[in-house]
Amino acid sequence: MSKVLVIGGGIVGLTSAYYLQKKGFEVTVLDKGDLSDNCSFGNAGMIVPSHFIPLAAPGMLSKGIRWMFNSKSPFYVRPSLNPSLIGWGLKFMKHATEKHVAQSAEPLRDLSLLSKRLYEDLSKEPGFNFELTNNGILAFYKTEQAGEEEAHLADKAKALGLDMAVLSAAECKALQPDLNLDVLGAVHYRCDAHLYPGKLMNALLTYLRGNGVSFVSGKEVDKIESAGNKITKVFTGATAWEADQYVIATGSWSPAVAKMADLKISLMPGKGYSFMEPEPKQRLTIPALLCEARVAITPMNGGIRYGGTMELDSINNRVNMQRVKGIVESVPQYFPDLHPALPDKKDIWYGFRPSSPDGLPYIGRSTHRKNLIIATGHGMMGLSLGPATGLLVSQIIAEEKLQMSVEPFLVSRS
């Protein structure tokens, strides 16, 4: 039986292990944490075929510069002479074009739709009740400018075969009659869905542990040994791990891990924050995106999860309360009856979105190490794109026909 070592126990690592196990591989998942503290647990739980516009898009540069001077802004780049950040920024500038957006739309759409189908299949399996709900997402806007941008997005989405509709404030109210609104309107991303990330991750862990997948937690990779064009061993301290194939699915830590295999991955960690509040009245039934504020709100497990911000910086354990305050203050501007309290630091979750400079994930076999597969760089869409990535990883390793081309996602792309 062929052995695969998956480095990383987030949604991409676990779904890779899931599909590899289904194909008969002997799988070990190696994670530096305790498998309960990665990005996949604390995110907004949104499955978003609507997000076919990459982060590297026209207008983001000017917005980013403007937002840098606002401590509560949704996007922030911490000024630094870090060569990785400078290199990332130059590549971001190169890709922030209409041509890149047009070229990225179909690959991102196809990856998202594949993931959504796989989530629907997974939700029918015994033990996989993770509150998958297919009632879309409402992107609310308060200004004419944001409304025009959303309407333009909806037109592009329809051209790609995605289901979206522009709604008036009254039509929004009719969908959630108990929710008080102060908006001009919204675009209903009917093609989207949501789930409860905690239940999903725990269901995957339970299934994998019960079906022969080995887990090693609390062990950080500190050395990778190679011979010729193949990896031979991965080390965590004095312990060596050997496999036939290796998968790097370590999110924002991927550049450091890949460097040990003499592979360069351009990636910056984008810190995001979230927190939960009870909502006994259950007024919000459809997840919301607040367009101008760039805040995500999801009904989840009897409460509401509020999340947002993209803070590009080195990996750190700082909690920027001003950014959290920006999330809190934006909510009643759209929903006058929702007044989340500023949470204590101990109740704030934060995680690092692995953000590539062109806004596309990295999926595929390394050209430098023939038995190494890269699966990272999903930015804010790790949970959304996880199952599709995991399936493609398993098909690459099994040398099967791929469900879709990974050409746009290769690490070797320019």
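**Note on helix H11, the cores and the H1/H8 pair**

1. Start with the bend. Helix H11 bends by about 30° at Ala388. Bear in mind that this is a predicted model.

2. H11 runs over residues 382-398. The helix has 17 residues and reaches 23 Å from its first C-alpha to its last. That is close to the 24 Å expected at 1.5 Å a residue. Just after H11, Glu399 takes a positive phi of about 55°.

3. Is H11 covered or open? Mostly covered: 16 of its 17 residues are buried. H11 also supplies the largest share of the largest nonpolar core, with eight residues.

4. That largest nonpolar core holds 73 residues. Which members touch the most others? They are Phe52, Leu200 and Val247. A second core, of 28 residues, is separate. Among its members are Leu167, Cys172, Leu181 and Tyr334.

5. Look at Leu200 next. Leaving aside residues up to four places away in sequence, Leu200 touches Ile11, Tyr119, Leu122, Phe130, Leu195 and Leu383.

6. Two other helices deserve a look. Two packed helices are described by the angle between their axes and the distance between the axes. For H1 (residues 11-22) and H8 (residues 197-210), the axes come within 10 Å and cross at roughly 35°. The crossing of H1 past H8 is left-handed. On the H1 side, the contact is made by Ile11, Leu14, Thr15, Ala17, Tyr18, Gln21 and Lys22. H8 contributes Leu200, Met201, Leu204, Leu205, Tyr207 and Leu208.

Conventions: Residues numbered from 1 in each chain as written. Predicted model: local features only at pLDDT ≥ 70, side-chain atom pairs only at ≥ 80, totals over all residues. Heavy atoms only, no water. Core = buried A, V, L, I, M, F, W, Y, C linked by side-chain atoms within 4.5 Å. Buried < 20%, exposed > 50% of the residue type's maximum accessible area, 1.4 Å probe, protein only. Helix = DSSP H or I, 4+ residues; strand = E, 2+ residues; numbered from the N terminus. Contact = heavy atoms within 4.5 Å. Expected span 1.5 Å × (residues − 1). Bend = angle between axes of the 7 residues up to and from the residue. Axes fitted to C-alpha atoms, helices over the stretch in contact; angles between N-to-C directions. Left-handed = near helix turned anticlockwise from the far one by under 90°.
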